[in-house]
Amino acid sequence: MSNTAFKVAVLGGGISGAVCASTLARNGISVTLFESARGPGGRMSQRREKAEDGKELHFDHGAPFFSVSNPEVVRLVQEWESRGLVAEWKEKFGFFDFQTLKFDSIEQEGLSKRFVGVPGMNSICKALCSESGVESKFGVGIGRVEWLNDEKLWSLIGVDGQNLGQFKGLVASDKNIVSTRIAEVTGRVPPLDLKLLPELSEKLHNLPVRPCFAVMLAFAEPLSTIPVKGFSIKNSKLLSWAYCDSSKPGRSTTSERWVLHSTAEYAENIIAQTGLKKPSDVILNKVAEELFQEFRSTGANISQPFFKKAHRWFCRGSAFPATSIAQEEKCLWDRNKRLAICGDFCVSPNVEGAIDSGLAAALRLRDSCL
């Protein structure tokens with residue numbers, strides 16, 4: 001089947017958009033993917049940093065891993081595994097309770113399968129965005145999305161005013177394409193006017209999100225007193241999750257690298273004090289120190305890291321979704337305008353939900369051009 005005349009634009013290079021673009025291309029549909037960041041990944045991005053001595057460090061500072069249960073997603077992950085894009089993270093995981101100051105419910109190795117991208121979480125998106133039939137344009141922000149009613153086409157305008165082309169189908173996998181929250185952060189209105197989507201606008205209006213700060217730490221020596229390589233945290237107002245990023249398969253072990261995730265409550269308090277704009281280095285340094293000190297309060301013998309840096313997951317659609325708006329349909333779909341909206345905010349707030357939604361959006365577009 002060849003549908004190369006049916007051109008589709010996919011907005012957003014996270015896992016949902018990347019899966020959608022790859023699936024469309026495999027069905028013979030011409031796809032152009034636009035991503036405002038320098039590369040694909042979204043919350044599956046890998047952060048590259050440099051220590052004071054010039055040593056390069058890599059961190060999966062967003063989604064630490066993913067698990068799958070949906071049969072369609074399982075088959076896709078098995079394919080990725082056979083291609084060497086993902087591997088199972090076989091380590092012990094558990095909980096830490098700040099009331100008892102004890103680790104408990106420690107899982108044994110391999111009890112529950114957790115998958116990671118190899119050599120970074122962004123490896124999956126990189127591969128999908130490079131597949132035959134997918135033209136990926138990184139560092140290209142969308143300023144305006146227009147529906148040309150006479151031609152029945154979507155027209156895309158870049159943030160710099162450049163004409164980015166016209167397309168028969170459109171997929172928005174970045175919620176900031178439609179969310180009014182972007183105006184609070186950037187001062188710009190969302191590129192896609194919800195007035196064009198009267199049947200979908202109520203679900204899309206002001207999508208709730210859970211902000212989070214991530215702190216990246218690098219240590220010269222292993223933190224051997226911590227009995228697990230990842231643990232969720234109970235009864236802390238600051239920390240929700242901690243994991244040893246360098247223990248994942250395919251990672252460099254020249255240093256031990258940990259990532260801490262804050263609670264949504266902590267992040268919301270910081271944002272309430274500092275506003276929605278990009279946080280200053282002073283604020284990020286304060287956050288990094290506070291979360292690190294909470295990490296040390298576990299009672300484990302945690303040395304001083306040689307690298308410590310915070311990142312805020314809030315801007316540009318990167319906050320974690322707080323709701324699911326299309327659990328049954330798996331994506332939002334406007335048949336008359338051939339527009340699909342997909343992402344983890346549609347199905348479930350995790351990587352599997354994002355993949356599942358991207359697959360659903362691709363199938364809607366594919367069926368519309370038959």
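The paragraphs below lead from the chain as a whole to its sheets, its helices and a few individual residues. The structure is a predicted model.

The overall dimensions come first. The chain has 370 residues, and for that number a compact globule would have a radius of gyration near 21 Å. The radius of gyration of the chain is 21 Å, so it agrees with what a compact globule would have. Taken along the principal axes, the C-alpha atoms fill a box of roughly 65 × 45 × 40 Å. Of the 370 residues, 56% are buried. The accessible surface of the chain comes to about 16400 Å², and 47% of this surface belongs to carbon and sulfur atoms. Contacts across the sequence can be examined as well: among contacts between residues at least 6 apart in sequence, 69% join residues at least 24 apart.

The next level is that of helices and strands. The chain contains 8 helices and 22 strands. Two sheets built from some of these strands are described here.

One is an open sheet of 7 strands, arranged in the order E7-E6-E16-E17-E18-E15-E19, and its pairing is mixed. At its edges are strand E7 (102–107) and strand E19 (307–313), each of which pairs on one side only. From one strand to the next, the twist averages 20 degrees. Within this sheet, the pairing of strand E15 (residues 212–219) with E19 can be followed in detail. These two strands pair in the antiparallel sense, over 7 bridges. Ala 218 stands opposite Phe 307 in E19.

Two helices lie across strands of this sheet. Helix H6 (residues 264–274) lies across E15, strand E18 (256–262) and E19, and runs at about 105 degrees to E15. Helix H7 (residues 281–296) lies across E15, E16, E17, E18 and E19, and the angle at which H7 runs to E15 is about 70 degrees.

The other sheet is also open. It consists of 3 strands in the order E10-E11-E12, with antiparallel pairing. Strand E10 (142–148) and strand E12 (163–167) are the edge strands, each pairing on one side only. Neighbouring strands of this sheet are turned by 15 degrees against each other on average, direction ignored. E10 is joined to strand E11 (residues 153–158) by 6 bridges, and the two run antiparallel. As one example of a bridge pair, Val 145 has Leu 156 in E11 as its partner.

Several residues in loops deserve separate attention. Pro 119 is found in the loop between strand E8 (115–117) and helix H3 (123–129). The peptide bond that leads from Val 118 to Pro 119 is cis, with omega near 5 degrees. After H3 comes another loop, between H3 and strand E9 (134–138), in which Glu 131 lies. Is Glu 131 buried or exposed? Its relative accessibility is 13%, and therefore Glu 131 counts as buried, the limit being under 20%. When neighbours within four places in sequence are left aside, Glu 131 is in contact with Ser 22, Arg 26 and Arg 83.

Two further loop residues have a positive value of the backbone angle phi although they are not glycine. For Asn 235, phi is near 60 degrees. This residue is located in the loop between strand E16 (230–234) and strand E17 (239–244). With a relative accessibility of 47%, Asn 235 counts as partly exposed. For Lys 330, phi is near 75 degrees. Lys 330 has its place in the loop between strand E20 (320–321) and strand E21 (332–334). Lys 330 also counts as partly exposed, at 24% relative accessibility.

The cysteines complete the account. How many disulfides does the chain contain? The count comes to 0 disulfides. Cys 346 shows the reasoning for one residue: the closest cysteine sulfur, in Cys 331, is 6.7 Å from the sulfur of Cys 346. A disulfide requires the two sulfur atoms to be within 2.5 Å, so the separation of 6.7 Å is too far for a bond. Cys 346 is buried, with a relative accessible area of 0%. Cys 212 is likewise buried, with a relative accessible area of 5%.

How values were computed: Residues numbered from 1 in each chain as written. Predicted model: local features only at pLDDT ≥ 70, side-chain atom pairs only at ≥ 80, totals over all residues. Heavy atoms only, no water. Pairing = 2+ DSSP bridges. Helix = DSSP H or I, 4+ residues; strand = E, 2+ residues; numbered from the N terminus. Axes fitted to C-alpha atoms, helices over the stretch in contact; angles between N-to-C directions. Buried < 20%, exposed > 50% of the residue type's maximum accessible area, 1.4 Å probe, protein only. Contact = heavy atoms within 4.5 Å. Rg over C-alpha atoms; globule rule 2.2 N^0.38 Å. Areas by Shrake-Rupley, 256 points an atom, 1.4 Å probe, with all protein chains shown as cover.
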